[in-house]
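Here is a relaxed walk through one protein model and the ligands it holds. Have a look at the structure first, and then we can go through it piece by piece.

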Amino acid sequence: MTDYLNLNFQNRFIGLGPEFYQAKAPDPVTDPYLVDFSPLAGQLIDLPPEAGGNKNFIDRFSGNNLMEGAEPLAMAYSGHQFGSYNPRLGDGRGLLLGEVQNQNQEIWDIHLKGAGPTRFARGFDGRATLNSSIREHLASEALNGLGIPTTRSLAVIGIRELIYRQKPELAAILVRIADSHIRFGSFEFFHYTGQEKNVRRLLEFSIQNYYQDIIEESDRYRIFFQRTVQCTAKLIAKWQAVGFIHGVMNTDNMCITGTTFDYGPYGFMDRFAPDHTPNHSDTHGRYAYNQQPEIGFWNLNKLAETLVTLIGAENLEEEMKQYQPLFNRFYREEIGKKLGLAILDSEFTQLVQRMFQLLHEHQFDYTNFFRFLADHPANGNNGELKSWLSQYLALAQREGISHEERKAQMDSINPKFILRNHLLQTALDKALKESDFSEIVRLRILLEDPFQDRPEVFEKYGIDSEHYAQDTPETFLCRQTSCSA
Ligand code: AMP
Ligand code: MG
């Protein structure tokens, strides 16, 4: 039975009309093959766990056999890249296949990345490398496992085509599922081409589809912006807390629903180095870890500029003023949870400041530090750490919960496993050099619940817990990836 592949397409975006997109079918591909399928992402569109192994699945999600109801299109957008406006972006290699309603009446965008060149391709080949597709696949599912809003990856489908970057590379299609593909840059496109009417239509569309509760409000435009500020601040607070570095926070990679969007040269903090950027091309560190909160503000400002005539400069300014306090509040709460502390007073602030100094000075592994703290809060042998730990214990005692309770709370928010560079590299090497995708499966399974050992699951997939939880080896620290990888 493959009835489950008859998806319930709704396709709201197409109603906006041709100024918003180019209607185009995916280019056919020869012998597409499954690299990996995420059953958890499949649940979003009611696919059973075995769907990935179905030949029809590969046929349809590679774009070879267009599903009934799909109306593929490449979206128009522009955006600010590294601070400069680029008027010519748009889905050069991506296609929104359509929007699918599931049994819970939720609507999800299905997007193919690497489905052939579109009108927006600017001479590029319209394809994605297998390498970058696996990177996006694993990171999407890992961030979801961490409880961070993100686009999802349903599958990576390999295609038998060589594409040329610095060298010939294998190509693939990534099947992305997202609540929205509307970027800050989607608004910028219409604003900078003088299409004010379409800015308004996109805004109405966004409210209607993502914030139905405010449709009747007379100041719904302003509330929309307010919500965008809120969800962006919250998202970046979560990135900072977990040590995720996006790497390319251009406005075309910022989704209006506050969802982690477009994975390129991302990274996770290993030894704590706040000015680290995983993006090899980012020589000035514009998108470094410690710049992300500020860049979120900058990007929101660019979105605000497109909405001035609809919302008013003063109103927008007032909403922008909320960003920093909101971010601070969310971030403080996140760090409080990581430390198992609920009293967030000035002593807490001091403790946290000192903690980050220590992390930096001693180059502790950011992830493992918090697990260590939950296990052995009284174990520091190093002088400075020891004195910090006694301060920490003093604050922990004020909370009136047992050590075991605090440990349980902390371990439910501080991951034991993250997508470390060396783990990812092993999965990529096996896939690219040996067509062995088993390590991708292992990492996806490991990271779908990164907070605990699951002995039965680990045994089934051959996952050695201690190996995956180890600090990143020296040679893989602060790795950088180039944008075209
Ligand atoms: P990204 O780096 O994926 O955010 O892409 C930035 C812009 O370049 C977007 O407009 C993409 O659609 C476009 N782009 C990137 N790679 C390709 C490619 N191989 N073919 C066509 N367009 C591309
Ligand atoms: Mg992009």
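A polar contact here is a pair of N or O atoms within 3.5 Å; within protein, one must be able to donate a hydrogen and the other to accept it, and residues adjacent in sequence count only if both atoms are side-chain atoms. Some housekeeping next: this is a predicted model, where local features need pLDDT of at least 70 and side-chain atom pairs count only at pLDDT 80 or more, while totals for chains, interfaces and linings use all residues. Residues are numbered from 1 along each chain as its sequence is written, chains are lettered from A and ligands numbered from 1 in the order in which they are written, and side-chain values use heavy atoms, with hydrogens and water left out.

**The ligands**

Let's start with ligand 1. Which side chains have an N or O atom by one of its oxygens? Three of them are in the table.

| Side chain | Partner | Distance |
|---|---|---|
| Arg122 | oxygen of ligand 1 | 2.6 Å |
| Asp262 | oxygen of ligand 1 | 3.2 Å |
| Asn253 | oxygen of ligand 1 | 3.4 Å |

On its own, ligand 1 has 480 Å² of accessible area, and the protein covers 81% of that. Those areas come from the Shrake-Rupley method with a 1.4 Å probe; for residues, only the protein chains shown count as cover. The shell around ligand 1 holds 15 residues, and the closest include Gly90, Gly92 and Arg122; a residue is near a molecule or strand if one of its heavy atoms lies within 4 Å of it. Sorted by type, the shell has seven charged residues, four polar and four nonpolar. In that sorting, Ala, Val, Leu, Ile, Met, Phe, Trp, Tyr, Cys and Pro count as nonpolar, Asp, Glu, Lys and Arg as charged, and the others, Gly among them, as polar.

Ligand 2 is a magnesium ion, and which residues coordinate it? They are Asn253, through OD1, and Asp262, through OD, at 1.9 to 2.2 Å. Donors are N, O and S atoms within 2.8 Å of the metal (3.2 Å for Na, K and Ca), and water is not among the atoms, so sites may look incomplete.

Are Asn253 and Asp262 buried or exposed? Both are buried, where buried means under 20% relative accessible area, exposed over 50%, and partly exposed in between (1.4 Å probe, protein chains only). For Asp262 the relative accessible area is 14%. Asp262 sits in the loop between β11 (244-245) and β12 (267-268); helices (H or I, at least four residues) and strands (E, at least two) are DSSP runs, numbered from the N terminus. From Asp262 to Gly247 is 15 residues in sequence and 10.0 Å in space, C-alpha to C-alpha.

**Strands and hairpins**

On to the strands, which pair if DSSP finds at least two bridges between them. Why is β6 (residues 94-101) largely enclosed by the rest of the structure? Seven of its eight residues are buried, so the strand ends up covered that way. β6 runs antiparallel to β7 (residues 107-113), with seven bridges joining them, and Gly98 has Ile110 as its bridge partner in β7. Five residues lie between the strands of this hairpin, and one to look at is Gln105, with a positive phi near 70°. Gln105 is exposed, at a relative accessible area of 53%.

β9 (152-164) pairs with two strands described here. Strand β2 (residues 33-37) is antiparallel to β9 over four bridges, with Tyr33 opposite Gly158. β10 (residues 168-178) is antiparallel to β9 too, over ten bridges, and Ile159 faces Ala171 in that pairing. A hairpin of three residues links β9 to β10.

**A few single residues**

Thr150 lies in the loop between α3 (130-145) and β9. Its relative accessibility is 12%, so Thr150 counts as buried, and its side chain makes a polar contact with that of Tyr263 at 2.5 Å.

Asn11 is another non-glycine residue with a positive phi, near 55°. Asn11 belongs to the segment before β1 (21-23) and counts as buried at 8% relative accessibility.

Finally, Ala408 in helix α14 (residues 403-411) is partly exposed, with a relative accessible area of 49%. Ala408 and Ala128 are 280 residues apart along the chain, and 41 Å separates their C-alpha atoms.
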